[in-house]
Amino acid sequence: TRKNVILLSPVMKIPPEVEKDMAVLDWDLPQRDEIRGLLDDICKDYVGTEHIGDAATEEGRRHLVDAALGLTLLEARNAYQKSIVSPKKRLDVVTVLSEKKHIIRKSGILEYYEAQEGLDDVGGLRPGIPV
């Protein structure tokens, strides 16, 4: 009989026995508009409460979306929900970024390093001089 098996995984580990019989499809990570839609859906449940946190303003929502870029929708949802149940009990950019670092560390493929330098430290730029 003709049957198909679909395997979904964030890490590609294909056994050599089936390697030639498989087709690999790569899915793009969600874009800003998809993450924004997810955030808006989550915010609907918390409108008018203290849990809305950084998402109360348009700028705050933009920062929350930027913090979740590079995550899958499920990872982004989990990061947003974790920030709501964290000790701060509100949508918080710092908590989302912390969860993103944790996800990167769990993968074992990448390491996350906080930038210690700013634009003033790049290529001999002097503070206050427009680029």
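Is D66 buried, partly exposed or exposed? With a relative accessibility of 30%, D66 counts as partly exposed, and I would like to start from this residue, keeping in mind throughout that what we are looking at is a predicted model.

D66 forms a salt bridge with R32, in which the closest N and O atoms are 3.1 Å apart. Because R32 lies in helix α1 and D66 in helix α2, the pair ties together parts that are 34 residues apart in sequence. The partner, R32, is itself partly exposed, at 49% relative accessibility.

This is one of nine salt bridges that a search of the whole structure finds, and several residues are linked further, since R36, D40, E58 and R61 belong to a network of salt bridges. Within that network, R36 pairs with D40, the closest N and O atoms being 3.0 Å apart, and both residues lie in helix α1, four residues apart, which is about one turn of the helix. D40 also forms a salt bridge with R61, here with the closest N and O atoms 2.8 Å apart; as D40 lies in helix α1 and R61 in helix α2, this pair ties together parts that are 21 residues apart in sequence. As for accessibility, R36 counts as partly exposed at 22% and D40 as partly exposed at 25%, whereas R61, at 17%, counts as buried.

That brings me to helix α2, residues 58–68, where G60, R61, L64, V65, A67 and A68 are buried. These residues cover an arc of only 160 degrees around the axis, and therefore sit on the same side of α2. Among the elements that cover them are α1, α3 (73–85) and α4 (93–107). Just after α2, G70 takes a positive phi of about 95 degrees.

Turning to the loop between α1 and α2, we find H51 there, and its side chain reaches the backbone oxygen of K89 at 2.7 Å. Leaving aside residues up to four places away in sequence, H51 touches Y46, I84, K89, R90 and L91.

Finally, what forms the nonpolar patch on the surface? The patch is formed by V5, L7, V18 and M22, which together have about 380 Å² of accessible area. M22 is placed in the segment before α1, a helix that spans 32–44, and at 32% relative accessibility M22 counts as partly exposed.

How values were computed: Residues numbered from 1 in each chain as written. Predicted model: local features only at pLDDT ≥ 70, side-chain atom pairs only at ≥ 80, totals over all residues. Heavy atoms only, no water. Patch = residues over 30% accessible without salt bridge, like charges linked within 9 Å, V, L, I, M, F, W, Y side chains within 5 Å. Areas by Shrake-Rupley, 256 points an atom, 1.4 Å probe, with all protein chains shown as cover. Salt bridge = Lys/Arg side-chain N within 4 Å of Asp/Glu carboxyl O. Helix = DSSP H or I, 4+ residues; strand = E, 2+ residues; numbered from the N terminus. Buried < 20%, exposed > 50% of the residue type's maximum accessible area, 1.4 Å probe, protein only. Arc of directions from axis to C-beta. Contact = heavy atoms within 4.5 Å. Polar contact = N/O pair within 3.5 Å; in protein donor to acceptor, adjacent residues only side chain to side chain.
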